[in-house]
Amino acid sequence: MLYLALESQPTSLMRLLCTGDLHIGRRSSRVPADLPDASAADAWARIVTHAIHQRADAVLLSGDVVDQDNRYFEALGPLERGLFRLREAGIPVVAVAGNHDFDVLPALARSLPDGLLHLLGVGGMWERHTIENARGERVHVDGWSFPARVVRHDPLTQYVAPAIDGAPVLGLVHGDLNVPQSLYAPLSLASLRRASVNGWVLGHVHSGGLMHQTGDAPVLYPGSPQPLDPGEPGAHGVWMLTVTADGTVAARLDGIATVRYEPVFVDLSTCATETEARECTTFALRARLLDILTRSPELRHVALRVCLSGRTPLHGQLQPLVSLVREISDLGLAFSSGANATLSVTHVELATTAERDLTQLSASNDPIGVLARLLLTLQHGDAIDPALAQRLRPIPARVREARVFAGAVHTESLSDDAVRRTLSAQADRLLETLLRQRDQSP
Amino acid sequence: MTVPLLLEALRIVRLPGIDEPFAVESFSPGVNLVFGPNASGKSSIVRAIELLLWPPLHTRQLVTIAARFQLAGDTWDVRADADGTRAWCNSTPASAPALPSPELRHRYRISLHDLLGSESGDGGFAAAIARASVGGLDLASAASALEFSDRPPTRLSARNNWDANRLVLDEARQHAAALHREAQDLAELERARDDAGAAHQDIVRLEAIFRARTADTQYRDAEHALRVLPSGLGELTGREFDDAQSLLVQWRALVVNRVRARQQRDLAAQTMRELFPQRVPTEAERLAWRALASRLRDYDDRCERDTQSVRASEAERDHARQRCHGQATDAQLSQLDAAALDTLVTFARRFELAHGALLAANQLCDALSAIAANTALATALSADVLRDLMRVLIRWLAADARGSARATSAGVWWWLLLSVGVVGWVLLAVRWHWAAGFGAALALLIVLLSRRAIAPERTELTLLQHEYHRLGGAPLATWTSPDVSGALDSVSRVLADARARERDDARRADAERAVAQARAHLAPLEAERVALVARWGLAPDADAQTLPWFVHQLVTWSDAHRAVIALEARLDAAIATRAATYREMVASLAPHSIEVPESTSRIEAVIEALDARSLAFREASRNADDAERELQSLDADASGITTAWHTLLERASIAVMELPEQMQVVHEQQLRDTLDRLETGIAQRERFQELTKRCRDAGRDRDSAAAPFLADDAFHALYVQSPEELRCAHAEASARAAAYTELVERAATLRHRIDAAKRAHNVEGALARFDASSAELERAQQESLEALVGNAMLDFVHDETRDVHRPAVFHRARELFARITHGRWQLTLEENESGEFGFHAVDSRTLQECHLNQLSSGTRVQLLVAVRMAFVEVTEGPVRLPLFLDEALGTSDDQRAQALIEAALELAGTGRQLFYFTAQNDEMETWRTALTGRAIAWREFDLAQIRRGFDNGRPHPGSGVRVPPSPRSALPEPERHTHASYGAALHVPVIRAGFTPAAATHPWYVIDDVRVLHEVLSLGVATWGELQWYVDSRGRFPESHVSREECSFVLERARVLMRAVEVLHREARIGRGDPVDRTRLVEAGVTQPRLLDAVSAVATSCAGEARALLARLEDGAVSGFGPQRVTALRSGLQEIGCLDPATPRTAQEIRLAMLAEVSDDSGSGAVDALLARIAAAEG
């Protein structure tokens, strides 16, 4: 368990398990296809078990429980099973719909027996549900659900707090925080602060966290309990929210994810030989993995995104190391940590820099000088030579129109920034190659 | 500063291809023209020279060749044979001179054959120039290593994988969506099912009503029939008659047994009364009696033993009194109490001890006195004197021992010195000598000194003898050591005796003191002894032995007396106790009127008799009890039988007849009547039972049919309806429930599918696979982006740098090439798609850039010659090597050949030796013409004659074999030709629409006037591009017989038609793509060599047209190239641009486009004429 925030609990009132963005119907990508327990449905089953074991007073779901691309029975089946298990354990479930499940979740709520799922704010109208435990303690949950796939306004503009009765109030809404132009219910931190609630549980951001300032109501993005792609690195799990009688909210992250995407930066600036670079890389990966597996023994797979960095004379000779790291699947961790997790490397980024003086190299008129000037231009963020820009301009269109990518183009990879980054990388590679040629020429 | 290497002579003895040795001498330092037919050895000469200049390092050839050359004023001889290559400089062995590296040797050999056969276009030269252009950097190899490319890498597998996964995902999602849509109808379906189910339930209800009502009717009928029968029949089992008979039998036996049991009970009671009329003694009483008898027996035994003990004690007392009798009377004895007796015993013990001590002391004293008397006269000397005597004798013996030892030693020396002294004195006497005298004197002196040393011991012995005598020792026979030792032993023994005597005297004194003390102790006891003797009448001399004996007798009597008294008391107590016990027994037996005899034995006999009677009584009592229990059992049985009898009769509804106590005849008759009535009732039982069963079954059927509907109001409502109404309701419900089964099945199936879908992972798995393939495609896209960006950047770098660092060799080559081609072509350096550099030629007239293989053979050879000559000229080292031209003019016209020769002679003018090998006389003539009048030395060699030994070089031109010049090709004269026939005479090349560059169009197509066309062609112009360049560069036609206005008109019209030709090519390319050749096939993915060869051949036969090729392949033109490969090839060709998916233009569409292009400047007739010419040229 990873404890990110756990405040003193003068009078413990309620323990609420908060999660969202499950996207049931999907599974973690870039992991082995036969990896068990890697789907969001499996994560939901673990969440239910966790709620029962932790004796949670309620489960709060902050939207996008079901993935839009698999929103029918495959996702609803596991969700229903979990809801029934929670009802047998006497744990109510309160949810709001997100942009992915704005239609399917209300339909599901209608089809389920009463009390199995309290879906708040259907139709985009704020709604309150009061959770009351066996001790008679109560917490109000004010929730708002997506009425459509796209919502361009801030739902908080329609929020009117009901009469205060002394019980703590939690807000439950799915939206995009501090992205004013977002198509998915843009929320502002200021409007959240203005609302008279004791804490907010939001959805939509998969790599969540707790935003808490002294005196302010905490704003929690529970994030996806099971990371779905390498863009969601770090620890994932569910949040145990403790709401005390005086309205104090404390949160704790309980790791339940079986997959973890982890970026690892390896500094090779101290390595003088390829062997040292290899050993340094292996050591860094092992250390990071051991740390991760020690903290999160529930993990079954760790997918690494390795970035080799540092100013090193080996720059340009690290391609074999990149290939080696890309194929790493075992670091002997079973002997060291006893962990039962597998390993893969999803991407290896070679971000080392060479020990060279671009300014000095740029003084010549040969290709090396041209490339050095180009790299300096790129580093300074200046506009590149118009002739080169002219040559580069049709490239994204060529890629986009290539038959092999027709209809499957990743437009983000063809943006101006992406082309500029690619140009910088290729210029660096070419410069390194030419410098090596020059060094090797008699 | 470079120096030329000038070959002077060459001798070939052995060389592959040379059968006879020959030598060529006196080479010219300028130009050497070597003429010889094919296989005359021209190439061998070049090869031999190369072997001598660059001998192979590791292989030895079977050659024997030699050469002589001049280098920097030195004469070098070089010989190569099987032993290797050796060199002599000015006839001195030396190492070979430093020459350009062997890799460069081909630069000095310009062979027409090699140039024509070079497909790469001398890429090595081009690459070297390219590297030099970029500062020695190899951009091409770097780009290749970094996989830069103008075409994105074709990752069809990634795309296919993505498409396949997308398809699977779409199918899975569609399936899920379809199921979801179906599920929308599930509620309606289930409502219909429930409605049908309700109808089905109605049917069930109605059928239950039918069944219930039918059963109820049956129930009522049976119940009515039962009412006429006795109700008890229902309880009969059919065995009642037998049971009744059995009960009667049992009853009869019971009556008999009851009489017998009563008799036994009475008999036992009589016996008991006889045994104990009054009361039966209890077991406790009998035990008490036996205990009392036993106690009486014990008391009798105890009295007997005590009586015997009293008698024994009395006898012992009497015996003690008899032994004391005479000294003590009975009166005295009776007065003797225990204290007095203790006093007597104490006194007797004290007296006996004191008397014994006195006696023992007296005896010891007497014994010591006797010993002292025996030893009193043993010696008169005291022990002290004897000790002194012993010390004297011991000292004497010690002194004597010392004296004896010293005397022995001194005696030896004495006799020795005495001998010396005697000898000395003899010598002195015989011959006086001072030494002899000194020795004699010394010897005498020593003798004297030794005598004086022995004297003290003797004096001490004497003194000790006197002391012995003084002390009174016994005189000795001699004072020698044995005697003295014997005396010492004697004195020692006497001294021991004296010491024993002294100890006996001390002991005797002690004994005497003990006698005195014993007497002192005995004196006070004596008075008491006297008084005691007097008191008990004992003898006055009763001594220490008598008195204790007497006292002991007194004690014995006293003990016996006390024992008699005690035993007598105990005997009396036992007798009294027995008497009490006897009385107790008498009292206990008195209630039973039993007399108790005095004798214990008789009492025991009485008790035995009582026990026997008690046993008999218990037996009788047990018999009485058994009889009583039997009677009770019989009574119980009688009660059971009576009850069963009553029950049986009551169940059969027969008046009860009581069973008689005694079975008499009347009773038997009554019982028989009863049994008859019972038998009659049983006969009606089966009827009753049948009706009862029918009634019960009907009731059960009715209840079971109605049971499920007890709480169903509808059931009860329907139950009361008429049968007709029920039948109508049933028919209606049947109609409604007809589809129930189907609806149930459909709903269940749909529900099952939904449940299965809720547990499935199809879409999830498809999404995961699609994500993975998307990631793979994204990587491919990134690779494409990187390749394209890198390539664009590479082009940019290339453009930025290539003209900056073009080496001098390139400029020189371009200059030479331009000079040779009279400015027609410009040399360029380009990089192909593979990143390889090659020379291109740009037509100065059309600005069209041509690859080597697009040039004519002559232009190509000229280009390569120019490049090599430039290399030779610019890039060689300090030594200028000869240049070997091998029929390099073979493909050039006179004008270009002249240019080549001029270029070569320019090199020769720098002092470079030049060799030209040819088998063509016209080339020889050309050379001669060029050399004539120049200040360049030159020679001709007829190699055939040289090898025949006739001639070895000719020093001047004119002596060589003169050959006529080659015939010049001539244009057909225009006068006798129409435009069409003139084209046929010119063999105008065909226009390949869409493929041939417009600039390559032969002027015949666009120039209508035959005369003007002839003029144009006479300028050496062969294409429209050349013509345009010519006009653009010169601004006009050369002077001719065709007017300028006429030419301008013709050219203007030709330009218009050329626009139509350009439209023709552009439109013709639509839907066709690039021509397919072997290279493009590889790019399109055909990599298997066998298939590549076959498909390439088909492509060639199809003129590179992709659609035709694919059609042929689909028709099976290539074995093993199946439909799947054709599909892949189609994709590949489309990807690389060889197959345009657009629809090809029809001929009419092309014509219309051409007309549209030229409509403003010309009519449709010109376009049609142009198309007709094109068609005519195609034949």
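**Exercise 1. Which residue forms a salt bridge with A:Glu432, and how far apart are the closest N and O atoms?**

Solution. Start from the contact: A:Glu432 pairs with A:Arg356 in a salt bridge, with the closest N and O atoms 2.6 Å apart. The term stands for a side-chain nitrogen of Lys or Arg within 4 Å of a carboxyl oxygen of Asp or Glu. Next, place the two ends: A:Glu432 lies in helix α12 (residues 416-440) of chain A and A:Arg356 in the loop between β17 (342-353) and α8 (358-361) of chain A, so the pair ties together parts that are 76 residues apart in sequence. Helices (H or I, at least four residues) and strands (E, at least two) are DSSP runs, numbered from the N terminus. Last, check the cover: both A:Glu432 and A:Arg356 are buried. Buried means under 20% relative accessible area, exposed over 50%, and partly exposed in between (1.4 Å probe, protein chains only).

A word on the ground rules: this is a predicted model, where local features need pLDDT of at least 70 and side-chain atom pairs count only at pLDDT 80 or more, while totals for chains, interfaces and linings use all residues. Residues are numbered from 1 along each chain as its sequence is written, chains are lettered from A and ligands numbered from 1 in the order in which they are written, and side-chain values use heavy atoms, with hydrogens and water left out.

**Exercise 2. How many salt bridges does a search of the whole structure find? Then work through two in chain B.**

Solution. The search gives 70 over all chains.

Take B:Glu724 and B:Arg727, whose side chains meet at 2.9 Å, N to O, in a salt bridge. They are separated by about one helical turn, because they sit 3 residues apart in helix α18 (residues 723-736) of chain B. B:Glu724 is partly exposed at 46% relative accessibility, and B:Arg727 is partly exposed at 47%.

Now B:Arg1173, which forms a salt bridge with B:Asp1008, the closest N and O atoms being 2.4 Å apart. This pair links distant parts of the chain, 165 residues apart: B:Arg1173 is in helix α35 (residues 1164-1178) of chain B, and B:Asp1008 is in the loop between α26 (979-986) and α27 (1010-1018) of chain B. B:Arg1173 is buried at 14% relative accessible area, whereas B:Asp1008 is partly exposed at 26%.

One more step takes in both chains: A:Arg26, A:Asp67, A:Asp69, B:Arg173 and B:Asp771 are joined into one network by salt bridges that share partners.

**Exercise 3. Which residues gather in a patch of positive charge on the surface, and which form a nonpolar patch?**

Solution. Get the rules straight. Patches are made of residues with over 30% relative accessible area and no salt bridge; like charges are joined within 9 Å, and nonpolar side chains (Val, Leu, Ile, Met, Phe, Trp, Tyr) within 5 Å. Lys and Arg count as positive and Asp and Glu as negative, with His and the chain ends not counted. A charge is placed at NZ of Lys, CZ of Arg, CG of Asp or CD of Glu.

The positive patch brings together A:Arg30, A:Arg305, A:Arg326 and B:Arg779. Among them, A:Arg305 is in strand β16 (residues 301-311) of chain A and is partly exposed, at 37% relative accessible area.

The nonpolar patch is made of B:Trp434, B:Phe438, B:Leu442, B:Leu445, B:Ile446 and B:Leu449, with about 640 Å² of accessible area together. Such areas come from the Shrake-Rupley method with a 1.4 Å probe, and for residues only the protein chains shown count as cover. One of its members, B:Leu442, is in helix α12 (residues 434-471) of chain B and is partly exposed at 39% relative accessibility.

**Exercise 4. In which sense do strands β5 and β6 of chain A pair, parallel or antiparallel?**

Solution. Strand β5 (residues 127-132) and strand β6 (residues 138-144) of chain A pair in the antiparallel sense, over 6 bridges. Two strands pair if DSSP finds at least two bridges between them. For one bridge, take A:Thr130, whose partner in β6(A) is A:His140. The two strands form a hairpin with 5 residues between them, and A:Gly136 in the turn has a positive phi of about 80°.

**Exercise 5. What is the sign of phi at A:Arg55 and at A:Ala185?**

Solution. Begin with the background: most residues other than glycine have a negative phi. A:Arg55 is not a glycine, yet its phi is positive, about 55°. A:Arg55 sits in the loop between α1 (40-53) and β2 (58-62) of chain A and is exposed, at 66% relative accessible area. A:Ala185 also has a positive phi, about 50°, although it is not a glycine. A:Ala185 lies in the loop between β8 (176-177) and β9 (186-187) of chain A and is buried, at 0%.
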